[in-house]
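I opened this notebook to record what I looked up in the structure shown below. The entries follow the order in which I consulted the model.

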Amino acid sequence: MIEQLDQMQQAALAELGSINTLEALRAWRQRYLGKQSPLGEISKGMGKLSAAERPAMGQRINAVKQLLEQAFAACETELQTAAQAAELARDQVDVTMPGRPVQSGRLHPITQVLREIEAAFAQMGFGVWESPEVESDEYNFELLNIPANHPSRDMWDTFYVQTPQGADQVVLRTHTSPGQLHAMRYFAPGPTRVILPGKCYRYEAVDATHDMQFYQVEGIAVGDNITMADLKGTLAQFAEQVLGTVKIRFRPSYFPFTEPSVEVDVSCTFCQGSGCRMCKHTGWLEILGAGMIHPTVLRNAGYDPEKMSGFAFGLGPGRVLQLKYGVSESRLFFTGNVRFLEQF
Ligand code: DAH
């Protein structure tokens, strides 16, 4: 019996040495210390022993039992500690590692500059009006004193919209000027003072430097005694607020809907007026068109041109952006190049 016990103990300890999972360990315990274990079998043999032999044998069996229990406990602690260490190592966080940068969105530069333009004119009492991008030929041209077949129509290469009535009466507005009529017809015979920002469309088949879609901001002020001086003061104030310290100048020009008409320049924002490639060494950059609203247009809007007068202007926020940041091509703002756009 003693021999049997020793063999069993040796076998159990040897096996324990190669156990490396808690499940295997529990199976081991079942095998060597459970009800069906050899230890149980050996204990049953006690009945055959004499009364004198029995106590010593009983002690011996208990000692083996205790030894195996202790070995089990030690192995269990070891495996548990190892499992815990492995888990900690797996979940380790390097708190010194730099974080991933958060991608933050931002306003497109054209939206930013539109807001600046709106704020500048709001300070001077201009409301912001919206008018449709799809227009009738009447609003886009006729009411603005641009009759069909008039040579000035060549100034605008037009997208026509196919409608059930035909293909020549509905257009994508070529400028924000039709909004003048919508606003004035709303306010007449009272005074009008609004800007009209929005998208415009031109069929630019020839000139690769022009976009088919672009922004304009139209502005009009109609009242009792509005003069060119008001126009100049308003635009000077706008230029100062949006572009910083610049000078402005008027050059005579022609638009069918204004009389007189002017082209407005600002002193070159690239060279401060000393002459450079951007201003073609003139020291000036063109920024917008403007003038006193033509009597015919005032009449079309419901005003009596004998009693009321007004000025109008049309500017390109893309152009303003270009001058504000010294960017050679305003088209760059619309290429969707995020690395470029993020600079603003
Ligand atoms: N509508 C003109 C264009 O797109 C710009 C313009 C010029 C608007 C003079 C005006 C103005 O209101 O007075 O070419």
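**Entry 1: β5 and β6.** I began with one strand pair in this predicted model. Strand β5, residues 192-201, runs antiparallel to β6, and I counted 10 bridges between them. I then looked up one position along this pair and found Leu196 of the pairing opposite Glu218 in β6. Strand β6 itself covers residues 213-223.

**Entry 2: β10 and its partners.** Next I asked which strand pairs with β6 over 7 bridges. That strand is β10, and the sense is antiparallel. Along this pairing, I noted Val222 opposite Gly310 in β10. Strand β10 also pairs with β9, residues 284-293, again in the antiparallel sense, here over 5 bridges. For this second pairing I recorded Ala312 in β10 as the bridge partner of Gly291. I also checked the cover of β10, which spans residues 309-315: the strand is mostly covered, with 6 of its 7 residues buried.

**Entry 3: the sheet as a whole.** I then assembled the strand order. The sheet is open, has 7 strands and reads β1-β5-β6-β10-β9-β8-β7, with mixed pairing. Which strands form its edges? They are β1 (127-128) and β7 (248-255), each of which pairs on one side only. As a reminder to myself, strands of a sheet pair through backbone hydrogen bonds, in either the parallel or the antiparallel sense.

**Entry 4: the β7 end.** From the edge strand β7 I moved to β8. The two pair in the antiparallel sense over 7 bridges, and a hairpin of 2 residues joins β7 to β8. Within this pair, Phe250 has Val264 in β8 as its bridge partner.

**Entry 5: cis peptide bonds.** I looked for departures from usual backbone geometry, given that most peptide bonds are trans and most residues other than glycine have a negative phi. The bond from Ala188 to Pro189 is cis, with omega near 5°. I located Pro189 in the loop between α7 (178-187) and β5. A cis peptide bond also joins Glu259 and Pro260, where omega is about -5°. Pro260 lies in strand β8, residues 258-267.

**Entry 6: positive phi.** I next asked where Asn149, with a positive phi of about 70°, sits, and whether Asn149 is buried or exposed. Asn149 is not a glycine, and its place is in the loop between α6 (137-140) and β3 (160-163). With 78% relative accessibility, Asn149 counts as exposed. Lys280 is likewise not a glycine and has a positive phi of about 50°. I found Lys280 in the loop between β8 and β9, where Lys280 is exposed with a relative accessible area of 70%.

**Entry 7: Pro147.** I returned to the loop between α6 and β3, which also holds Pro147. Its relative accessibility is 33%; because values from 20% to 50% count as partly exposed, I entered Pro147 in that class. Leaving aside neighbours within four places in sequence, I found Pro147 in contact with Glu142 and Arg153. I also looked up Pro256, which is 109 residues from Pro147 along the chain; their C-alpha atoms are separated by 9.5 Å.

**Entry 8: the whole chain.** I closed with totals. The protein chain has 11 helices and 10 strands. Its radius of gyration is 45 Å, whereas a compact globule of 344 residues would have one near 20 Å. The C-alpha atoms fill a box of roughly 140 × 55 × 40 Å along the principal axes. Of the 344 residues, 40% count as buried. The chain exposes about 19,500 Å², of which carbon and sulfur atoms supply 51%.

I then looked up the contacts with a sequence separation of 6 or more: residues 24 or more positions apart account for 67% of them. Last, I checked the charges. There are 31 positive and 38 negative charges in the protein chain, and their mean positions lie 7 Å apart.

Note on methods: Residues are numbered from 1 along each chain as its sequence is written. This is a predicted model: local features need pLDDT of at least 70, side-chain atom pairs count only at pLDDT 80 or more; totals for chains, interfaces and linings use all residues. Side-chain values use heavy atoms; hydrogens and water are left out. Helices (H or I, at least four residues) and strands (E, at least two) are DSSP runs, numbered from the N terminus. The radius of gyration is taken over C-alpha atoms; the globule rule is 2.2 Å times the number of residues to the power 0.38. Buried means under 20% relative accessible area, exposed over 50%, partly exposed in between (1.4 Å probe, protein chains only). Contact means heavy atoms within 4.5 Å. Accessible areas come from the Shrake-Rupley method with a 1.4 Å probe; for residues, only the protein chains shown count as cover. Lys and Arg count as positive and Asp and Glu as negative; His and the chain ends are not counted. The place of a charge is taken as NZ of Lys, CZ of Arg, CG of Asp or CD of Glu. Two strands pair if DSSP finds at least two bridges between them.
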